[in-house]
Amino acid sequence: MKYLVMIFNDDSLIEALPAGEYETMMRGCIAHADDLRETGVLLDSQMLAAPAKATSLRTRNGRTTFMDGPYAEAKEYLGGFNLIEAADMDEAVRVAQEFPWSRTGRIEVRPVMDFEQVRLAFDA
């Protein structure tokens, strides 16, 4: 089964790290991701640009509005994700715990729905 491991960052916690610690965490994370990719556990991994680089859009009553940056002010923001393959949620959480980012934000693990099953459910 596939799971999305979402990394939420809190810049104030990242900035409070001792000098060089963020770089050490990133190198370790990249090496860990490379190991997971080699074993077939990690299917995809991407880091996102800062929320200030985002554009949000919303459509209400047939009118679409656009906003620079994230729509909602939040202390934590989605900074990246890993798509993994795991036998069950327990295994997916164990994989997620090996990433260091729960120290500087939050990691959310969520099952990915089989889109072919969704397609069938909606006869699409």
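A salt bridge here is a side-chain nitrogen of Lys or Arg within 4 Å of a carboxyl oxygen of Asp or Glu. Arg106 and Glu76 make one, with their closest N and O atoms 2.9 Å apart. Keep in mind that this is a predicted model. Counted by that rule, there are seven salt bridges, and the backdrop for several of them is an open sheet of four strands.

**Salt bridges on the strands**

- The Arg106–Glu76 pair ties together distant parts of the chain, since Arg106 sits in strand E6 (residues 105-111) and Glu76 in strand E5 (residues 76-85), 30 residues apart.
- Arg106 has a relative accessible area of 33%, so it counts as partly exposed.
- Its partner Glu76 is also partly exposed, at 28% relative accessibility.
- Glu108 and Arg110 form another bridge, and here the closest N and O atoms are 2.4 Å apart.
- Arg110 comes out at 45% relative accessibility, which makes it partly exposed.
- Put these side chains together and you get a network: Glu76, Arg106, Glu108 and Arg110 are linked by salt bridges.

**A salt bridge on a helix**

- Arg119 pairs with Glu116, with 3.6 Å between the closest N and O atoms.
- Both residues belong to helix H4 (residues 115-121), and because they are three residues apart, about one helical turn separates them.
- Arg119 is partly exposed, with a relative accessible area of 35%.
- Glu116 is partly exposed too, with a value of 46%.

**The sheet**

- The strand order is E2-E5-E1-E6, and the pairing is antiparallel.
- Strand E2 (42-47) and E6 are the edges, each pairing on one side only.
- From one strand to the next, the twist averages 20 degrees.
- Strand E1 (residues 2-10) pairs with E6 over seven bridges, in the antiparallel sense.
- Two spots along that pairing are easy to find: Leu4 stands opposite Arg110 in E6, and Tyr3 has Pro111 in E6 as its bridge partner.
- E1 also runs antiparallel to E5, joined to E5 by nine bridges.
- On the E5 side, Asn9 has Tyr77 as its bridge partner.
- Seven of the nine residues of E1 are buried, so this strand is largely enclosed by the rest of the structure.

**What packs on the sheet**

- Helix H3 (residues 89-97) lies across E1, E5 and E6.
- Relative to E6, helix H3 runs at about 150 degrees.

**The nonpolar core**

- The largest nonpolar core has 19 residues, and Ile84 and Trp101 touch the most other members.
- Elements giving two or more residues to this core are E1, helix H2 (21-38) and H3.
- H2 supplies the largest share, five residues.
- Leaving out residues up to four places away in sequence, Trp101 touches Ile7, Tyr22, Met25, Met26, Cys29, Arg106 and Ile107.
- One name on that contact list takes you back to the start: Arg106 touches Trp101 and also forms the salt bridge with Glu76.

Note on methods: Residues numbered from 1 in each chain as written. Predicted model: local features only at pLDDT ≥ 70, side-chain atom pairs only at ≥ 80, totals over all residues. Heavy atoms only, no water. Buried < 20%, exposed > 50% of the residue type's maximum accessible area, 1.4 Å probe, protein only. Pairing = 2+ DSSP bridges. Axes fitted to C-alpha atoms, helices over the stretch in contact; angles between N-to-C directions. Contact = heavy atoms within 4.5 Å. Core = buried A, V, L, I, M, F, W, Y, C linked by side-chain atoms within 4.5 Å.
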